[in-house]
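Hi everyone, thanks for coming. Let me put the sequence and the model up on the screen, and then I'll walk you through a few places in it.

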Amino acid sequence: MSAKLTVPSVRGELSEPSPNTVKKHVHPRSTPDWNNLKVIHRNTLPPRSHFFLYEDLDNNNPKDPWYNDTRQLLSGKWLFQFSKTPLEGATDFHSHDYEMLSNSPEWHKVDVPGMWQCQGFGKGPQYTNFDFPFPVNPPYVPIDDNECGRYVKEFQLDPKDKEKEYQLRLRFEGVDAAFTLWINDHEVGYSQGSRNPSEFNITPFVYYDTPNIISVEVYQRCDGSYIEDQDQWWLSGIFRDVWLHKFPKTHFEDIQILTNLDDDYKDATLHVEVKLNNASEVTLTLCDMDKNKIATKTKGGEGLLSFDLKIKDPQKWTAETPYLYDLWVTMPGCALRQNVGFRRTELIDGVWSVNGKPVKLRGVNRHEHHPDFGRAVPYDFLRQDLVLMKLNNVNAIRTSHYPNDPRLYDLADELGLWILDESDLECHGLFVVGGDGSKITSDNPDWEEAYVDRARQMVMRDFNHPSIILWSLGNESGYGRNHKAMYDFIKGVDTSRLVHYEADWNAESADIISRMYHSIDSMEQYAKDRDWEKPVVLCEYIHAMGNGPGAIKEYIELFYKYPRLMGGFVWEWANHGLRTKNKDGEEYFGYGGDFGDQPNDYNFVLDGLCFSTHKPTPGLDEYRKAIEPVQTVGLQEGDKVRIVNRYDFLTLDHLKCRWRIGADGKGHKWRNLDIPSDIQPHTEALLHINNIPTSLSPDSHLELEFYLPDRTKWSDPKHPVSTAQIPLLPPASLHRLHSLSPVPGHPPTVSLTNPNTLSITSPSGSSAWEFNLAIGALTSWKRPSSLDDILTTPLTIALHRAQTDNDRGCDFGRNWTDRRLHQAKSHLIQASWEQTPSGAAEVVVQSRIAPPVLGWALETTTTYRFAGEFVSIHVHAHPTGDLLPRAWGRLGLVAGIKGCDAGVRWHGRGPGESYRDSKESQQVGTYEAEAVGDLMTEYEFPQDNGNRTDVRWVEFVGRGGDASEEEEEEGDGEEGFIRIKGVEGGDGDGGVTVVGKKKRHRLLRARFGDGFEGASFQAHHYATEDFDECTHPYELHKRKREDTVVHLDWMHHGLGTGSCGPETLPKYTLRAELDYDVEIILD
């Protein structure tokens, strides 16, 4: 609100005492603005839409609005002084000469935009999810614990401009949390609302013949901090751009644009309202993207002018077809430009629709974050975010939980993204202090103007963006009369958009129903409700913390199955880690507590689809696959592929398709495939494939790729938007693999070298094993090619995996800890051996895998059969005892192996990591990692990682010596060792590359065959306990081993989203109460 001073500021004067009273000396002398609920803004201009003015159209360059005669960007280096409270330090700094301050050792140069904690000042960053980091006493924040940053900037005006009688406006796009402004020692005003702009008329205070000084005192906290309790770092400062606008004497004050489509969604009325400060004649001109003039209209008047332009069948704006028109608004000596996108949003029979068609939101929640600058995000980094979203099939952003940098909306208009624009409002921490949190602020009439101001600032700034299709009243603030007041204000200004607010459970002041982290079953119940008027959106779901999320596709399939479901927004786009160093100078990304911040919410700030550098995690790969716009249903009639067009507006005419047959170690050339024309959105079609080979190898797949043939604003040519892999033949069975193994010329040699050690040598002498009968484990495996024993630890059964964030956050992780799964070890009951009539050596071990303290166990009977050059291992597992864990983390074998310095090859899903409920993005193929370390996903909080699932075989390779027979078999007759990299796009060679001569040898190969869907392997230079016990990557690196810890798992527990949401689904749970029979072949 724009208002006169209603309460004395911290520097205000007290009334004179009466002659009969004793004069008291009070400090501070009055209630500071930042502790006064009645002062939200002082002397600010009314909020307006975001635009730049030009003197004429020739200067209207939308590509470079930063430098122009009518504006001056003041971002850059500013002088800065820090103090622990506003009452300390240079409180009269605004009265000092700039040169004197710049020469003072107490003043430093800092970057604006910037957060002072990220530039080495104050206590440092502090992270809480919702707890307030100060005593809760609304509306007051502690006076003595409120850091203060004082900023000073010098700027020069052109003396010639004095004659032009500009209105000079100083605009701060974002200051956290509140600030007072002086110009040349004149106090101009005060403002709060961190993520909203503040604009001041500074015309009376400036000089044209000498430099001007801007002085800004920024307060870390204010009464507004109680409703800015978002899940992010507490950071302070001038964190968005600062502009000096030069508005001509007669100028535009504001503009609002509505594009009203008719009921046929064909023709439109462009309704424009322009607010003038003086009377003038105004001309509107609408041009298309080729600068052809579409419509024009001129009108004279003063105050508010309204225009209606009839537009015949304009191109429609959607996130898939982001067509923008140019609107030029001119009058003598003043012009502005706005993008116009014609679209209409509404509910049709309760279904959320745009331009008359139902739309599904494939969205993400996005906080403003940069690993070095906090919320001061550079433009290139911001653009990179949105381009990456488009590349990964994301079509919507929720600006959690505040209006973003205004440039984000320009990019969304241009690139095509739906925006749920959210008010800068959250008071989650008030709900943990006792009593009814809603009564403190949300349902307290004293806070009404503070709430409505948040809605007003957002709507008035962002009104004209076609990308914004929903307004949001904020996040996690309970519900009360002030939300109703926000809703009423928005509807009084804008009836063209719907309003969202999740905490309004019954949607009394919202047009849609919103939920967070509901299970798939719960969402289906909403979808099946027969008496519904409002759609349902998941404003937060599939919590992407650490390794995960799992079970994404189940949600997506549900969205497309039921019209009521609008879709959802993943929590969240990126980790918020801040780059820092430990005492040894090792770099890492810090989270809560790493900066000495207390209280804190630890690593809950690392919960994104991208790492803190905003590079994709495996979770983003999986999300991209789940939401891809062309879904492949399957093969029918032998040569037809059924597909579904999941675009909301586009046919598939803009795509190309290619196909090939892939098999173990082989890839046919890509062939083009015609897509039938005019496949409408949300409909199915059949693709006809000619000449599918009739003679196929085991584990053959039909692979398809749908791609954009041409360059777009966000993609290179041949960018794939969807992929598919349809199985044609199953993998070879274990029975067949047994038959393929070399037939021994004579039996293996078996001897008992001591009472506890059984020695076995293969018929050819290429393998020598030692079996320790005292512990019931294979302890040695020597190969001539490696000379040394390749085993560094015994081969044992493993049940525990390092806990992921999603494990720790739900009952599975707690249950594993309570049931001491991580402490369970194998204890021998009995070991026996014999040489069978066929000559094979057979060792049978009965063991009991159990933890200390408790009575549960997994009783196992393991049969090792040494025949020819291989050993087959069969395990029967039976659980017993009370207090069993709910699930096993894994069921498999683990051993340390030495000499794996030439990489790992496998046939299964790849090239990236995959898990039981997070694997669709990784296609079955033959892959190679040139080093074991390449298999690791280094999460910023260590946890289980690097699993590859649906593995048929895996082999571990060492260097030195002659090539083995196995390499000659796998080499397809070539002289080089073959690496299968998978599809790389457009080269037509199946991704096969020769990478060297035969200088490598196989150490160990494991074959699962087709018997165990979900069979997996992991290979790391770290043990499970290393990932469990370390809390930062630099701690983990200190534990790096020379050998390789290999896990060969028949089954693996799913990931789920239990860090904040549903735990692993039952169908992906590795249930501990069941019996299991499993087998593997090692050679």
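**Cavities, sheets and rings**

Let's start inside: a search of the whole structure finds 14 cavities of 30 Å³ or more. A cavity here is a set of points on a 1 Å grid over the protein atoms alone where a 1.4 Å probe fits but cannot get out. Grid points are joined across faces, edges and corners, and a volume is the space filled by probe spheres set on the points.

Before I go on, a word on the source: this is a predicted model, where local features need pLDDT of at least 70 and side-chain atom pairs count only at pLDDT 80 or more, while totals for chains, interfaces and linings use all residues. Residues are numbered from 1 along each chain as its sequence is written, and side-chain values use heavy atoms, with hydrogens and water left out.

Back to the cavities. The largest cavity holds about 120 Å³ of space. Which residues come closest to its centre? Of the 13 that line the largest cavity, they are D176, R195, E228, W234 and R375. Lining residues have an atom within 4 Å of a point. Strand β15 (residues 232-234) gives the most to this lining, with three residues. Strands are DSSP runs of E with at least two residues, helices are runs of H or I with at least four, and both are numbered from the N terminus. By character, the lining divides into four nonpolar, five polar and four charged residues. In that split, Ala, Val, Leu, Ile, Met, Phe, Trp, Tyr, Cys and Pro count as nonpolar, Asp, Glu, Lys and Arg as charged, and the others, Gly among them, as polar.

Next, a sheet. Three strands form an open, antiparallel sheet in the order β18-β19-β22. Two strands pair if DSSP finds at least two bridges between them. At the edges stand β18 (252-261) and β22 (304-311), each with a single partner strand, so one side of each has no neighbour in the sheet. On average, neighbouring strands of this sheet are turned by 15° against each other, direction ignored. The axes are lines fitted to C-alpha atoms, and angles run from 0 to 180 degrees between N-to-C directions. Strand β19 (residues 268-276) pairs with β22 in the antiparallel sense over eight bridges, and V272 stands opposite F307 in β22.

Now please find strand β26 (residues 351-354). V351 and S353 point one way from β26, W352 and V354 point the other way, and all are buried. Buried means under 20% relative accessible area, exposed over 50%, and partly exposed in between, with a 1.4 Å probe and protein chains only. In a regular strand the side chains alternate between the two faces of the sheet.

What pairs with β26? Strand β25 (residues 345-348) does, antiparallel and over four bridges, with E346 opposite S353. Strand β27 (residues 357-358) also pairs with β26 in the antiparallel sense, over two bridges, and there P358 is the bridge partner of S353. The hairpin of β25 and β26 has two residues between the strands, and D349 takes a positive phi near 55°. The hairpin of β26 and β27 has two residues in between as well, with N355 in the turn at a positive phi of about 55°.

On to the rings. The structure holds 40 aromatic pairs. Rings of Phe, Tyr and Trp (its six-membered ring) pair if their centres lie within 6.5 Å; planes under 30 degrees apart count as stacked, over 60 as edge-to-face and the rest as tilted. F611 and Y939 form a tilted pair, 6.0 Å centre to centre with 50° between the planes. This pair links distant parts of the chain, 328 residues apart, and both F611 and Y939 are buried. F771 and Y864 are edge-to-face, at 4.8 Å and 70°. F771 lies in strand β48 (residues 768-772) and Y864 in strand β53 (residues 857-867), so the pair ties together parts 93 residues apart in sequence. One aromatic cluster is formed by W78, F80, F82, W116, F121 and Y151.

Last, some backbone surprises. Most residues other than glycine have a negative phi, and most peptide bonds are trans. A cis peptide bond joins G548 and P549, with omega about 0°, and another cis bond joins W571 and E572, with omega about -10°. D678, not a glycine, has a positive phi of about 60° and is partly exposed, at 46% relative accessible area.

Definitions and conventions:
On a 1 Å grid over the protein atoms alone, a cavity is a set of points where a 1.4 Å probe fits but cannot get out, and a pocket is an open set with protein on both sides within 12 Å along at least five of seven lines; lining residues have an atom within 4 Å of a point.
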